[in-house]
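Grab a pencil and work through these exercises with the structure open next to you. Each has a task, then a solution in steps.

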Amino acid sequence: MKRRAREAIAGYAFSLPILVSVAVFTVIPIVQAFYYSFTDYDALKQQIFNATVDKVMAVGMYLGLLPEEVKVDQALKSFDPASFVESMIGTSISKKLKRILRKYFDSKKLLQDYASGRLSGESKIGNFIREYLKNGGRYFEKYRPDIIGLKNFKWMIKDEYFWIALKNSFIFALVVTPIQTFLALILAVAANSRVRGVSFFKTSFFIPAITSSAAISMIFMLLYSKPGFINRTLSLFGIQPVDWLNNPSTALPAVMAMNIWTTAGYFMVTFLAGLQNIPQSIIEAAIIDGADGWTRFWKITLPLLKPQITFVVTMGVIGTLQVFDQIYFLIKSQENTTMSMYIYQNAFRYGKMGYASALALIFFLIILSITLIQRKFMERGLEAM
Amino acid sequence: MRSKVFLTVILLVAALTFSEVVVRLGGWPSSPVEQQALQAAVDEFNKEHAGQIKIVYEPIPGNYRVKLTAMLSAGNAPDIFYLDVNWAEEFFSKGVIEPLDFYIKMYKLDLNDFYPNLLNAFKYKGHIYGLPKDFSTLVLFYNKKMFDEVGLPYPNSSWTWFDLLYAATKLTRDTNGDGKPDVWGLALYPNALNRVIPFILQAGGEVVKEDLSTALGEEEAIEGMKFYFDLHNRWNVAIAPSDVGAGWLGDAFGKQKVAMVMSGPWMLGFLKENFPEVDFGVAELPHLKKRATMVYTVCYAIPKTSKHKKEAFIAMKFLLGKGMKIFTEKLGVLPSRKSLAEKDKNDSIKKAFYAGVKYAYPWKIPTPSGISSKAIDEINTRFLKVWNGEMTLDQAVKEIIENYNSWVR
C-alpha cells in the first residue's frame, strides 16, 4: 500500500510539468475565451485601474483650475464624478460604473482636499477612486468587461466576412483533406516498396513537413508570382500568365495546392508505419491464394490501415480547418480569409477581443462536431470495407 | 582583505544601479542600422545622465503591434515606445497612453519647432499623446534614362495630373517588338487606400467629414479614385509591382520596368544598395486642384501604467532633441523638427520630401471609436476588385458608403 502511494506520488510528480503547462496555457485560456465571448472584452483596457496618476494633476487637468482658484460649492455644481473618472482613465466606462460613481462618489471631499492642498502624491487610479467612494469600491479594483449576452453571436450572423471565412475554411478542408490523404497513401506505398534509393525519396517527401512554414511560403510566393516558374511553364503551352496569389479567385486554390504539398509527406510517415505493421505472412498467404497486387491492396492493405486512415483524416480535417500561417503569409484579400485568420484579425487588429473569442468558440464547436460525426461515420465506413 | 574589496565593489554597483531610474524604450527596428542609430542616441543620453536616469533600449522585432498590445494589457509595457500614426489613435482612445500636455509645459519642450502636420497627427480629443520622431512623405521618383529615351522633360513641382498622364502614356512602350508594352509609365499598388488618398485630396476631396463619417462618396473623392484606377484600367499606363515580378514599388522601379513610382525616402537606401546603376530624380507629387501627399510618421509615447513617467519624459525630450540629431544623421531619415531639417536645405533629393510635409496628410483614418483597421481592410479589398476589373468603382463606393459605419464601430 505504502509503495503504491509512493508510486502514485512519483507518477504525478513526473507528469506535473505537463499538467501544469496544459492547465496554464490551454485549459485556463479556453475557459477565459468562453467567458470573454459573452463580453465586450478589450485587452487594451485590462490595466485601466492599475495605471498611476498624480492626484493633483488629475483633478487640475479636469477642472482646468489651480487649487487656490477653486471655490468648492461653486465647482461642486458642475462636477460630474463619472466624467472626471473618464477623463482620468482616458477612455469611456460602462453605464453601471457611471451610475455607481454618480451615486457614491464623494465629490465634495475630493474638491475640498484639492482646494486645501491636502491632495498629494501618486496613486493607482483604482485606489484613488476607492478612497472617495462610499460604496461599490469593488467595481474599481480591476477591469471587468461588460457582459453583453449574445450580442457577439448575433453580430456574427450579420457579419458578411464571418460567412466568407467559414466558407473558405470549409472549402479548404474539403479539398485538401481527401487529396492529401490519398497522396500520402500513394507516397507511403511507393516508399514501402523495395526500390533502389527509396530512403532518398522518403527523405525528400518528408522535407516539406519539417521546413518552416514561413520559408515554404516565401518559396511559393516566388513560384506563384507573375513571371515565376509556374507561369513560365504554363506559357510554354500558350497559357497567359496568372497572378496566382494576388487574384482573389486563384489565391485560395494556390495556397491549397501548397498545403497539400507540405502535409502529404508528413502523413506519409503515418501510413508508412501502418504499412510496416502489416504482417508479411498475411500477404504471403494471399499470394499463395492467387490474389494479384490490386486485390491485395484493396482487400488486405487498405482495411489493415484503417486506424491510420482514421487518424490522418481526422488530423487533416482539424489541421486544414485551423490553417493559419500560410494564409497569414500569402493571402492578401479579405475575400480569401479563413476562420483562424479572421479570429486573429479581430483580436489583434480590429480591437475586438470579445468578438474574436465568440468566433473562436463557434469555430471550436463546429470542429468538435465535425470530428465527432466523422469518427462515427469513418468507423462504420471502414468496417464495411 | 580581498573579500572586503569585493563586498565594497558589489555594494557600490548595487548603490549605483538602485539610485538610477531605469526607463525602458521599446520600438521596432526596421533594420540593423536603425537599431544601431537609436542605440547610439541612447548611449549618449546614458552618458549625460549617468547615475540618474538610464535608458534601456529593448528592440521588439516581429509583430510589434500584437506584442505591444499584449504588453500593455499585462501592464509591463516599456516606459517609452513607438506608435505608428496609422493605428496610434486606437491606443489613445483606449486610455493606455499618457497625455503629454502637462509634461510638455513642465519641461518646456518647444513645440513650434515641430512640423505642425506631424504634431497634429498625434492629437486626440484636444490632448497631445505622442511626439513625432521622424517622418516619410511620398514623392515622385523618376528614371532619368527612361525619360531621356522618349525625349520628355523631367517631372517638376509644377506638374499636374495631365502632365503625369501624358508622360506615363509616352513612357509605356514596347521595346522588344512583340506588340505588347514591356515598360510602363507608372507602378501603383492595386489595393492601398493610403496611396489613393493623395489623389482624393488633390482633387479637392476629403477622407472623412467634420463628423468623422466617410467622405469617400463625395464627388471630388470619387474623381481622385477614378483617376488612380483609370491609370491602370482605362489608360493602361500603370501596372502593379507583381505584374513585373517585383515585390514592391521600389523593386519594380529598380528593375527599370517602370519609369515612375510614388514612394518614400526608404527608396533612397534601397536603390543605393540594390540598384546603384539606376539614375533617378525626385519631384513633388503632381497636383490638380490642391497639392497633397501622404506622410507616414511614428511617435514616442508613454503608457499610463509607467512607474517613471517624469523620467520617461526627460528621456523622450532628449530623444526628440540631441537624440533625434544623432538618430536621423546616422540613419539618413527625415527629422520631425524644422531646426534639424536645416542641414538638408541644399540636398536636391531631400528637398521634395520636406516640401511635402507642409501639405501632407498623416496616414490615418480618424473614426469615432478610434478603430480604423477594419475599414481600411474592407476598402482595400474592394479596391483590388476595381483594379482587377471585377467591380466598378461606383459599385465599390456604393458598398463602402453603405457599410462604413459598421466597420468603424
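**Exercise 1.** Work out which residues line the largest cavity of this predicted model.

*Step 1.* Chain A brings in A:Asp42, A:Ala43, A:Leu44, A:Ala347, A:Phe348, A:Gly351, A:Lys352 and A:Met353. Chain B adds B:Arg65, B:Thr69, B:Glu90 and B:Phe91. (On a 1 Å grid over the protein atoms alone, a cavity is a set of points where a 1.4 Å probe fits but cannot get out; lining residues have an atom within 4 Å of a point.)

*Step 2.* Now the elements: α18 (339–349) of chain A, plus α3 (64–74) and α4 (85–93) of chain B, each give two or more residues to this lining. (Helices are DSSP runs, H or I, of at least four residues, numbered from the N terminus.)

*Step 3.* Sort the lining by class and you get 6 nonpolar, 4 charged and 2 polar residues, with Gly counted as polar.

*Step 4.* The volume comes to about 80 Å³, as the space filled by probe spheres set on the points.

**Exercise 2.** Find out why the largest nonpolar core lies between two domains of chain B.

*Step 1.* This core has 93 residues, and B:Phe141 and B:Met260 touch the most other members. (Members are buried, under 20% relative accessible area with a 1.4 Å probe, and joined through side-chain atoms within 4.5 Å.)

*Step 2.* Domain 1 (2–135 + 296–362) and domain 2 (139–294 + 365–407) of chain B both contribute residues, so the core sits between them.

**Small print.** Residues count from 1 along each chain, and chains are lettered from A, ligands numbered from 1, in the order written. Local features need pLDDT of at least 70 and side-chain atom pairs 80 or more, while totals for chains, interfaces and linings use all residues; side-chain values use heavy atoms, without hydrogens and water.

Conventions. 1 Å grid on protein atoms, 1.4 Å probe; cavity = no way out; pocket = protein on both sides within 12 Å on 5 of 7 lines; lining within 4 Å. Buried < 20%, exposed > 50% of the residue type's maximum accessible area, 1.4 Å probe, protein only. Domains from an automatic or database assignment.
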